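This report describes the strand pairing, the nonpolar core and a helix contact of one chain.

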Amino acid sequence: MSTVSEVSPADWELWRSFRSMGEQLGRELDRQLQRDAGLSQADYGILVSLFEAPEQQLRTGELGELLAWEKSRVSHQVARMETRGLVKRVECESDGRGTWVQIEADGKRALLGAMREHASAIRDLFLEQLEPDEKAVLQKAAKRVLDRLNPEACELDAKAQRRA
């Protein structure tokens with residue numbers, strides 16, 4: 001018996017709906033950020049991560065872990081954002097091979113300008129569509145799946161939440 005046949009039709013439907021929801025929600029939130037703030041979801045993810053980090057800086061590897069991105073994607077995105085004055089790279093004094101990524105004043109302004117409308121879109125498109133008990137179940141499930149997939153990123157995120 002194949003692995004595929006061991007997944008029930010109802011479970012496949014759940015997976016397809018969940019995946020489609022995530023893709024469509026991401027696309028709509030990206031459109032909103034582009035329209036209202038001139039930022040992509042990638043820009044926003046990096047800016048939020050840096051804004052919430054101690055001293056508003058993270059190493060490239062930490063950004064990759066938090067965003068679940070490959071190192072090359074982080075490097076390319078940071079380079080694009082550097083040319084726009086949103087972030088800058090700074091050599092790590094304690095490790096000559098390491099680089100910090102820091103949020104710049106223009107990055108903070110762009111992020112803070114985007115946050116209100118972005119939060120409103122998240123509330124409208126996602127949070128207000130869920131009942132309180134659905135939110136609790138979804139939160140519990142998301143934490144369990146994320147812990148299974150990337151415990152390092154969950155620990156980094158937990159540290160950031162404790163500092164915030």
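## Strand pairing

Strands β1 and β3 run antiparallel and are joined by three bridges, where strands are DSSP runs of E with at least two residues and helices are runs of H or I with at least four, numbered from the N terminus. Within this pair, L58 stands opposite V101 in β3. The model is a predicted one, in which local features need pLDDT of at least 70 and side-chain atom pairs count only at pLDDT 80 or more, while totals for chains, interfaces and linings use all residues. Residues are numbered from 1 along each chain as its sequence is written, and side-chain values use heavy atoms, with hydrogens and water left out.

The open sheet has three strands in the order β1-β3-β2, with antiparallel pairing (two strands pair if DSSP finds at least two bridges between them). Its edge strands, each pairing on one side only, are β1 (57-59) and β2 (87-91).

## Nonpolar core

The largest nonpolar core (buried Ala, Val, Leu, Ile, Met, Phe, Trp, Tyr and Cys residues joined through side-chain atoms within 4.5 Å; buried means under 20% relative accessible area, with a 1.4 Å probe and protein chains only) has 23 residues, and I46, L47, L50, L63 and V87 have the most contacts inside it. Helix α2 supplies the largest share of this core, six residues.

## Helix contact

The contact between α3 and α4 is made by T60, L63 and G64 of α3 together with V74, S75 and V78 of α4 (contact means heavy atoms within 4.5 Å).

Note on methods:
Buried means under 20% relative accessible area, exposed over 50%, partly exposed in between (1.4 Å probe, protein chains only).
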